[in-house]
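Reader: I should like a close look at one part of this structure, followed outward to its surroundings. Please take a single strand, describe its burial and its partners, and then place it in the wider model.

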Amino acid sequence: MEAQAVHVPDNEQYRELKRFIDASRGVPGPLIQVLHRAQKIFGYLPLEVQHFVARELDVPLAKVFGVVTFYNFFRLDPIGDHIVNMCLGTACHVKGASEIIKALEKELGVKVGGTTADRFYTLSTARCFGACGLAPVLMLDEEVHGRLNPQKAIQILREMKARAAEAAAAETKEEK
Amino acid sequence: MSVFRTHVLLPVDVGTAQAGVFEVKRRLEKELSVRQMLDEVKVLESGTVGIVGKGVILAVYPDRMYYFNVREADVPRIVDEHLLKGRVVAGLDHAAIAVSPSVPGPKVGLTRAQRRIVLDKAWTVDPENIDEIIAAGGYRGLERILREALPPEAVIEEIKKSGLRGRGGAGFPTGMKWEFTRKAAGGEKYIVCNADEGEPGTFKDRLILEGDPHRLIEAMAVAGYAIGAGRGFVYIRGEYRLSIDRLQKAIAQARQYGLLGNNILESGFSFELEIRKGAGAYVCGEETALIESLEGKRGNPRVKPPYPVTHGLWQKPTAVNNVETLANVPGIMANGADWFRRIGTDKCPGTKVFTVLGHVEYPGLVETDMGTPLREIIFGFGGGVKGGRKFKAALLGGAAGVFVPEKLLDVKMDFESLKENKAVLGSGAVLVMDETASVVEMLFSIAKFFAHESCGQCVPCRVGTRQILDIAWRIRQGHGRAGDAETMLQLAETMFKTSLCPLGQSLVMPVRSALENFAEEFALAAGQAGKA
């Protein structure tokens, strides 16, 4: 059977992904690296994107889905603007990480894995960032915050939210 | 080129970055500029010292003085007092840097003397500057091999003679692994570095990569030369952003200097190195799962044999080595096997990087001789149990590790001695628990971890981890039943005998050691159920 030309949805996100896929065609086994890039572009991996990757790389969709669901890093659902990743590794556990998770769930009103209604935060957990000396730690987006307790963790989230609100307010003012 | 009279080193790692090392650096440069001292004092970012929880650390050379918990506001004082007048700022938390066992230093804590091989440059050079690395002796091992045109077999012989064993946990002799790969049939071969450091409580590989990425590049090139591989892959945790960044930069620099790529040092030997990011799966630390993942698939472990040394990446002969293992190679090639053998124990020569964590005064990383007693690591380097509380247990080797009671504190930390005492070295993690910590709780946490990370491919592991988790949960909740401990142990032992890969095989270690050494605690937890 002749391979069908893959339709590229006409938007910059897909074009960027296509460029990356084209560049990695010579590399054997590029699927995981492609998915890394796709998630960076889209924020998560909706089924359409998986379809696109499958067709582009000429592998079954089932295989793409299998890989996406195997690794912790890949997400099937949209996420908030900021990701709160609480470490539940052994060292953090000993230092009371589960207390912090409980406090964060209460503060944000979502369970682990959930996204707040305003899509600002997604609460997630991870197994050890390798920053155990600072236990307990959480990663807020790309930044590690260590030596936490429930109050401190909540404070970090509130501060970030406040900063975002301020920035938004300043922007509307400027527009006016 | 200007000659600086003083160097100020600012170790950058996750901890110091959070504590504000970059603010301190900016302020330092500003204050030096104001005093027109920029051509006298050089400010450098270095890799980690391995001390955590001490805020921003600032080291002054050649005075060999550390300052801890440095705040931006302290900078003018350090400049005026120390850098200008050469007086130690007494009001700040400081300690003399111990350089070698022969120079007396502090008796406890992570600043006391450590013999460092894999981390010897990590804290004194700028990891992003290849010139500094080369000046400090980097790439000397590779250079020696290529200049003397040593046959690959001789390189393997040297590694075998050194007695280097895998630092990823299993302790397999590295030279033998290389020899098998070299002798395997087939033209195309690969060297793979396992930097998917996922064992809870372990971050030694991260600090090696952040502090001295060129060491790994050199080692991989040497390994490639020895086994006959023209290509190497570093499979690294996606979360290790700084490591990935620095390694990427280092690879580019090495290529520019002709230390990677075509015809290295005009020897005719060519070697390419690529980074592959992992996507978060503990099981990918197992070598065949890692290979599957490198091929872009789900990280399901393969059935062994055949082993990767004959059928590895894309079914080609492949040597998979841990970061710390490889990091030992340049030193051995530069200084010879005999030098290496003089360190550590007879059967486990060399050093080991430990991460000391949990309830200790000074959590962090320490590199010391193989065979150093556990007591020395916890009470010497770690400064003892935090707050003067009583020692209860240490979990050695991460989640796939062993609970060690007080009576084993004098065990020597090397593969053989630990094995004799039914313990393991594993990844080198030493998690200290004081009298307030609960082993029942810890075992529950470990069971949860394993149940979550089991890949589900083989039945014993998929079902066994879940069953053990249920029992551990029950005991923790105070609903333990008669015979629970025995059932849990039996399950774990069955998993040990029947699971496909080390993930399922290793849960027996924490389970057995917890039940054997802390039986009373489990009985008590179960007993409370009886009363309730």
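Author: The account below begins with one strand of chain B and then turns to its surroundings. The model is a predicted one.

The strand chosen is strand 6 of chain B, residues 190-195. This strand is mostly covered, six of its six residues being buried. In a regular strand, side chains alternate between the two faces of the sheet. In strand 6 of chain B, Tyr190(B), Val192(B) and Asn194(B) point one way, while Ile191(B), Cys193(B) and Ala195(B) point the other way. Both sets are buried.

Strand 6 of chain B has pairings with two strands described here. With strand 7 of chain B, residues 231-236, strand 6 pairs in the parallel sense over six bridges. Within this pairing, Asn194(B) stands opposite Tyr235(B) of strand 7. With strand 9 of chain B, residues 318-322, strand 6 again pairs in the parallel sense, over five bridges. Here Tyr190(B) stands opposite Thr318(B) of strand 9.

The domain context comes next. Chain B is divided into domain 1 (6-96), domain 2 (130-341), domain 3 (351-434) and domain 4 (439-531). Between domain 2 and domain 3 of chain B, the C-alpha centres are 27 Å apart. Their contact brings together twelve residues of domain 2 of chain B and 15 residues of domain 3 of chain B. On the domain 2 side, this contact is made up of five charged, four polar and three nonpolar residues.

A further sheet of chain B offers another setting for strands. Five strands form an open sheet in the order 2-1-3-4-5, with mixed pairing. Strand 2 (41-46) and strand 5 (94-96) of chain B stand at its edges with a single partner strand each, so one side of each has no neighbour in the sheet. On average, neighbouring strands of this sheet are turned by 20° against each other, direction ignored. Inside the order, strand 3 (residues 58-61) and strand 4 (residues 65-67) of chain B pair in the antiparallel sense over three bridges. There, Ala59(B) stands opposite Tyr66(B) of strand 4.

Strands of this sheet also take part in covering a helix. Helix 3 of chain B, residues 75-84, has Val75(B), Ile78(B), Val79(B), His82(B) and Leu83(B) as its buried residues. These residues cover an arc of only 115° around the axis, which places them on the same side of helix 3 of chain B. An α-helix has 3.6 residues a turn, so residues three or four places apart point the same way. The cover over the buried residues of helix 3 of chain B includes strand 1 (6-11), helix 2 (21-34), strand 2, strand 3 and strand 4 of chain B. Just after helix 3 of chain B, Gly86(B) adopts a positive phi of about 75°.

Finally, chain B meets chain A. The contact takes 44 residues from chain B and 32 residues from chain A. On the chain A side, helix 2 (31-42), helix 4 (61-70), helix 5 (90-94) and strand 4 (143-145) each supply at least two residues. By class, this side of chain A has 18 nonpolar, twelve polar and two charged residues. Chain A itself contains seven helices and four strands. Of its 176 residues, 32% count as buried.

How values were computed
Residues are numbered from 1 along each chain as its sequence is written. Chains are lettered from A and ligands numbered from 1 in the order in which they are written. This is a predicted model: local features need pLDDT of at least 70, side-chain atom pairs count only at pLDDT 80 or more; totals for chains, interfaces and linings use all residues. Domain bounds come from an automatic or database domain assignment. Two residues are in contact if their C-beta atoms, placed from the backbone, lie within 7 Å. Ala, Val, Leu, Ile, Met, Phe, Trp, Tyr, Cys and Pro count as nonpolar, Asp, Glu, Lys and Arg as charged, and the others, Gly among them, as polar. A residue is buried if 20 or more other C-beta atoms lie within 10 Å of its own, exposed if 12 or fewer, and partly exposed in between; C-beta atoms are placed from the backbone. Two strands pair if DSSP finds at least two bridges between them. Axes are lines fitted to C-alpha atoms, for helices over the stretch in contact, and angles run from 0 to 180 degrees between N-to-C directions. The arc is that of the directions from the helix axis to the C-beta atoms.
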